[in-house]
Structures are given as C-alpha cells and as structure tokens.
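Trainee: I should like to go through the terms used for this structure and the reasoning behind each of them. May we begin with the packing of helices?

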Amino acid sequence: MTSGSFDCLTPYFSFLLSCGGAAFTLLRARRRAKFTAPARLLLFGFLFWGVISLYGVFTCLDTSTSAASQIMASPSKERRPAARQTAPSAKDAASAVKPATLPRVSYRAMSFYYSWYGNPRVDGKYIHWNHKVLVAGGKSFPGGGDIGADFYPQLGAYSSNDPATIRAHMRMHREAGIGVMVLSWWGRDDFVRTSLDFSSGGSKTDFNMRKIMDIATEYGIKVAFHVEPYEGRSAQSIADDAKYIQLEYGEHPALFRHVDRNDADSRGRPVLFFYDSYKLGESEWAKVFDRNGAFSVRGKPWDVVAIGHIVNAGDAAAIRRAGLDGFYTYFATDGFTYGSSTGNWNTFHEEAVRHGLLFIPSVGPGYADMRIRPFNRANQRSREGGAYYRRMMQAAISSRADYITITSFNEWHEGTQIEPAVRKRVEQTATGGVFQYQDYGDKDPSYYLQLTRELLRGWVPEDFNL
C-alpha cells in the first residue's frame, strides 16, 4: 500500500458514519411508527453525506492506484534504461523536423564526424580549435579566428555540444546525401587526451553522444562508432566497449546496424570501426572476435560488426584471421599508406568477397594540415576544384564497395572536411604575421556537400530516386 492509500481513510470513515446515521434514523422512525418531516430531512442529509463520502473514497483510491503504478513502472536510480530519450523543449517541438520532407540520403554512404570541438560560450574555453603545432616547442593556436587548421569553417569556431550546431550538421548531411555519421569515440572514460590535442585536456566524445543521436533521429540520420586508440585499449576493454555500447545505445533509433543473413537479431548488429587496429596484435583481436576467444562477443547479445583499419600490406589478412567482419582505409591521401592507395582497392574487394567480409574504402576531397604539421608537405593533396574528390570516389565505386566512407565531414585539423568553409585572413598569434586560410576557390562554401550528393547519386541512384 502506498502512503496515498492512508489518505483515503477520512472519506471512508465519513461514509461509514453517514450509513450509520441513516440506519439510526430509519430504526428510530420504525420504533415510533411515525416518519415525521424532520426525520425525513435528517435521513436525506445522511444519504447525501454518504454519496459525497463515497465519491471521495473512489476518487482517492483512483489517484493512489495511479501513483503506485507510476512508481512500479519507473526504473530505480540503480538501473538506467538502455535508450534514454531527451524530452524536447517547446522550441524544439515547434521546429520538429519531418525526415520525409528533407533531401533523400543513402545509408551506404558514411562520413567520419568529430564531436570534439568546444568554445567559451558553450564549454567555457576553446577545445581542439586551440590545437598545438606538432613540433618540438610548438605553440598552441588561441582559437576563435586563429585556429589549428588550414581552412576556416563557415559556422566559425563552434561547439560540438551546441544543439544548433548539431542540427546544422544534420541538415548538411541530408543535403550531401549521407545517411550515416561515424562518430569519433574515445571510450567510456570520455574525458581523455586525444592523439591530436594534448593542450586542451581532451574531449567528451561519449558525453555528448546521446545528444547527437537524439538530434540525428529528428533528421533520419544514423550513427555508427569510430573507436579511437584511446590509452589502454586492449582486448578486454574492446569487449567491454561492445557491451557498453549495446547496453547504453542499443535500443536508440539512431544506432546504425548492418544486417547479415546469419544475424540472430533481425535488426542486424551495430557497426564499430577500429582506427589504427594494427597497433593491437592479431592475437589480441582474436580474443574478442574469434568465437573461442577469451573475451569473445560472438553469439552474445552485444555482438557487433567489427571493421578493422587497413594500413599495411598484410593488414587485411590479419583482420580476417582475427575474426573481424571487414576493413576500411580511412586516410584521404591517395598513396599515403598501402590501404589508402586506390590502386589496391579492387584487390581488397576481391579478398573481402572471397572470405565473406565487408570492404569499405574511404575517400576524401583533399588533405591539408600544414598549420599543425609543417613537416608533412609530402602528404598534402590539392582539392583541384573537386577533381581529386571525383577521382577517389570513382575508384571506390569501381571497387564495388559495400559502403563508402568519407574522410571527413569535419576533421578541420587535417583539411579533409566537406563542411562549408569560408575565406578568411587572421593575425597569427602563435607564429606572427598574417595568415590567409585556404578556401574552396570560386566555388560556393557548400560546394563539397553538393558534389558529394552528385557523386553518391551516380553510385546508388536507387537511393535518391522516388
């Protein structure tokens, strides 16, 4: 019984008293064999009192039962629901998006997305925009107008935690025809030092994951995970990551799943890309993705589609032997690694088909990271007004890829972004003098979104045609 049930005793006893009063009046009238007008009036009063009291009893019991049901239905603080949804504000509800009214997308097209940016207005300081120059004694950029990147974003030095920014990025994905965002994820202990930005103290890539996924749902965009080489990444931690992701996000409608005919779950399994997978030995990966591995996730409710990163010539075979489900290439510089060399992609596809694996090449519009890596001139790749991007995309299409990943939507430090950029000059705090950011030349700031849609439409026209 809930505490509210005791509150019902007052009208209950009132009802009993009214019944007793009415019975006493009738009994007295019978003994006197005379039912006088005052007696009738008194009986009427007791009956009226009884009806009101009875109404009070039923009303109270109904309220108490309802409250008890809510208490029983609500999860305890110790047990968090697997798919917690954020209630929309009045403003959000008023501007609710209907995905059917937006440009069509392909869920075979994926972008690598970075949610590690911060600014003083939202986060109290600049995060990642203040990247340091990666040489001995290199200074950090201040952020704001002077950032650690060769291009400057049309949205300015934004925060990845700002819902308005996230919504703008979702609209850009729809415009580009990209249906899946592959979010950079640095593990459950999310306030970590990333490999690119030691000066900022790290980025909360798990902290804002649900916020991004909630907004992605509004726009019909799906989300996959790009598991980065966080400190302490091991076979045990990877198995734990797979379980955590399934328990925390497994029921979220934005979670992207790849469906295989052999999957126990008809919805398919979540897709996890493992960046720099070669840094962990083949035997360690087998502990997680071989069915007989010490920490195997195979056949468990938290099984995933695991995609390894091809860098060197033997990586595809090692990924296969370790029991992963496929491989991707990531780098936007054609020729930088064996994996990112487009001339090898047909061979990768053939190996994938031979062993029932997924081959997912990565294409990019160019590469420019001289502001943070002034020593890396050999790996710079000019955008050539979009021609470089067209060539990489055509190589991916020709390889008969299962999916195509785009490096990147917003990796500004390496200049691989397709996000809109603008022309800008800035007084350099770190190095002195005036710096002219690169831009998209005579093209519109959103040119690479438009070009992406054009190229994807040529690849999978059925995804874009009604």
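Trainee: What describes the packing of helix α6 (residues 163–176) and helix α7 (residues 209–218)?

Mentor: In this predicted model, the two helices pack at an angle of about 45°, and their axes are 10 Å apart.

Trainee: Why is α6 called oblique to α7?

Mentor: Angles under 35 degrees count as roughly parallel, and 65 to 115 as roughly perpendicular. The angle of about 45° belongs to neither class, so α6 is oblique to α7. The crossing of α6 and α7 is right-handed.

Trainee: Which residues of α6 and α7 meet?

Mentor: From α6, P163, I166, R167 and M170 take part; they meet K211, I212, I215, A216 and E218 of α7. By class, six residues in this contact are nonpolar, three are charged and none is polar.

Trainee: How do you know whether D276 is buried or exposed?

Mentor: The relative accessible area of D276 is 7%. Buried means under 20%, therefore D276 is buried.

Trainee: Where is D276 placed, and what is in contact with D276 beyond its neighbours within four places in sequence?

Mentor: D276 lies in the loop between β8 (269–274) and α9 (282–289). Leaving those neighbours aside, P229, R233 and H309 are in contact with D276.

Trainee: How many helices and strands does the protein have, and what percentage of its residues is buried?

Mentor: The protein has 13 helices and 16 strands, and 53% of its 466 residues are buried. Its exposed area is about 21,900 Å², of which carbon and sulfur atoms supply 56%.

Definitions and conventions. Residues numbered from 1 in each chain as written. Predicted model: local features only at pLDDT ≥ 70, side-chain atom pairs only at ≥ 80, totals over all residues. Heavy atoms only, no water. Axes fitted to C-alpha atoms, helices over the stretch in contact; angles between N-to-C directions. Parallel < 35°, antiparallel > 145°, perpendicular 65-115°, else oblique. Left-handed = near helix turned anticlockwise from the far one by under 90°. Contact = heavy atoms within 4.5 Å. Nonpolar A, V, L, I, M, F, W, Y, C, P; charged D, E, K, R; others polar. Buried < 20%, exposed > 50% of the residue type's maximum accessible area, 1.4 Å probe, protein only. Areas by Shrake-Rupley, 256 points an atom, 1.4 Å probe, with all protein chains shown as cover.
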